[in-house]
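Me: I am new to this structure and would like a close look at a single part of it. Please choose a stretch with something to see and go through it slowly, giving the reason for each label as you use it.

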Amino acid sequence: MRSDVWAGAAAFMLFISILSWTDGAPQLVASNTSAMCDAVDPDLSAQKNKGGKIIHYVGWADNSTGAFSSLKYYDEVLRLMGSANTGSFYKLYMIPGMGHCGGALGCGDADWQTPIENWVEKGQAPGTIIGS
């Protein structure tokens with residue numbers, strides 16, 4: 001399945017899972033939304049200890065989650081886990097002009113697959129990632 005189709009399907013499934021039907025009318029259950037969607041715990045030691053790698057990207061023009069929330073989260077991870085420790089498994093990329101997951105005025109796409117494969121399979125940490 002194409003990644004854009006999968007992302008759309010995942011978003012739809014997430015939306016359906018946070019609806020609650022009461023008296024035949026769908027109601028959004030906010031408490032479930034936060035528990036499923038918010039990345040607020042900066043302790044990523046379990047991910048690191050399993051050998052996991054994270055490429056986190058966000059567009060400066062993202063009007064959904066906003067770039068500054070990603071910067072704040074990344075700073076919290078750095079504070080808790082240390083800069084050298086964090087850089088060994090977690091990279092943050094701020095994309096000029098990109099909206100939420102693509103589009104907007106700037107870069108709308110980048111090859112995220114090759115850098116994560118090279119990092120996980122060959123131990124080659126990503127540097128600059130060229131977008132289009």
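Reply: A salt bridge is counted where a side-chain nitrogen of Lys or Arg lies within 4 Å of a carboxyl oxygen of Asp or Glu. The model shown here is predicted, and it holds 1 salt bridge by that rule. The partners are K72 and E76, whose closest N and O atoms are 2.9 Å apart. Both residues belong to helix 4, with 4 residues from one to the other, or about one turn of the helix. This helix is a way into the part chosen here, which is strand 4 with the loops on either side.

A few words on the whole chain will help to place that part. The chain has 6 helices and 4 strands. Read from the N terminus, the order of the elements is α-β-β-α-α-β-α-α-β-α. Of the 132 residues in the chain, 25% are buried.

The two ends of the salt bridge do not fall in one accessibility class. K72 has a relative accessibility of 53%, so it counts as exposed, because the exposed class begins over 50%. E76 has a relative accessible area of 22% and is therefore partly exposed.

Helix 4 also reaches strand 4 through an aromatic contact. Helix 4 covers residues 67-81 and contains Y74, while Y90 is in strand 4, so the pair of Y74 and Y90 links parts of the chain that are distant, 16 residues apart. What kind of pair do the rings of Y74 and Y90 make? Their centres are 5.1 Å apart and their planes stand at 75 degrees, which makes the pair edge-to-face. The reasoning takes two steps: ring centres have to lie within 6.5 Å to pair, and planes over 60 degrees apart count as edge-to-face. Y74 and Y90 are both buried. For Y90 the relative accessibility is 1%, so it is placed in the buried class, which takes in values under 20%.

Y90 has a second aromatic partner in F89. The ring centres of F89 and Y90 are 6.3 Å apart with 40 degrees between the planes, and this pair is tilted. F89 sits in the loop that runs between helix 5 (83-87) and strand 4. Is F89 buried or exposed? It is buried, because its relative accessible area is 1%.

F89 also comes toward a part of the chain that is far back in sequence. K48 is 41 residues from F89 along the chain, yet their C-alpha atoms are separated by 6.3 Å. K48 lies in helix 3, residues 45-49, and is partly exposed because its relative accessibility is 28%. Q47 and F89 are 42 residues apart in sequence, with 8.5 Å between their C-alpha atoms.

On the other side of strand 4 (90-95) comes a loop that leads to helix 6 (113-122). P96 is in this loop, and at 57% relative accessibility it counts as exposed. Its C-alpha atom is 9.5 Å from that of G108, which is 12 residues away along the chain.

W112 is found in the loop between strand 4 and helix 6 as well. Its relative accessible area is 17%, so W112 is buried. Together with Y57 and Y93 it forms one aromatic cluster. The count of aromatic pairs in the model comes to 5. W112 has a long-range neighbour too: H56 is 56 residues away in sequence, and the two C-alpha atoms are 9.8 Å apart.

D111 lies in that loop between strand 4 and helix 6. With a relative accessible area of 40%, D111 is partly exposed. It belongs to a negative surface patch, which is made up of D109, D111, E117 and E121. Membership of a patch requires over 30% relative accessible area and no salt bridge.

To gather the part together: before strand 4, F89 is buried; in the strand, Y90 is buried and so is its partner Y74. In the loop after the strand, P96 is exposed, D111 is partly exposed and W112 is buried.

Methods:
Residues numbered from 1 in each chain as written. Predicted model: local features only at pLDDT ≥ 70, side-chain atom pairs only at ≥ 80, totals over all residues. Heavy atoms only, no water. Patch = residues over 30% accessible without salt bridge, like charges linked within 9 Å, V, L, I, M, F, W, Y side chains within 5 Å. Areas by Shrake-Rupley, 256 points an atom, 1.4 Å probe, with all protein chains shown as cover. Lys, Arg positive; Asp, Glu negative; His and termini not counted. Charge placed at Lys NZ, Arg CZ, Asp CG, Glu CD. Helix = DSSP H or I, 4+ residues; strand = E, 2+ residues; numbered from the N terminus. Buried < 20%, exposed > 50% of the residue type's maximum accessible area, 1.4 Å probe, protein only. Phe/Tyr/Trp six-rings, centres within 6.5 Å; stacked < 30°, edge-to-face > 60°.
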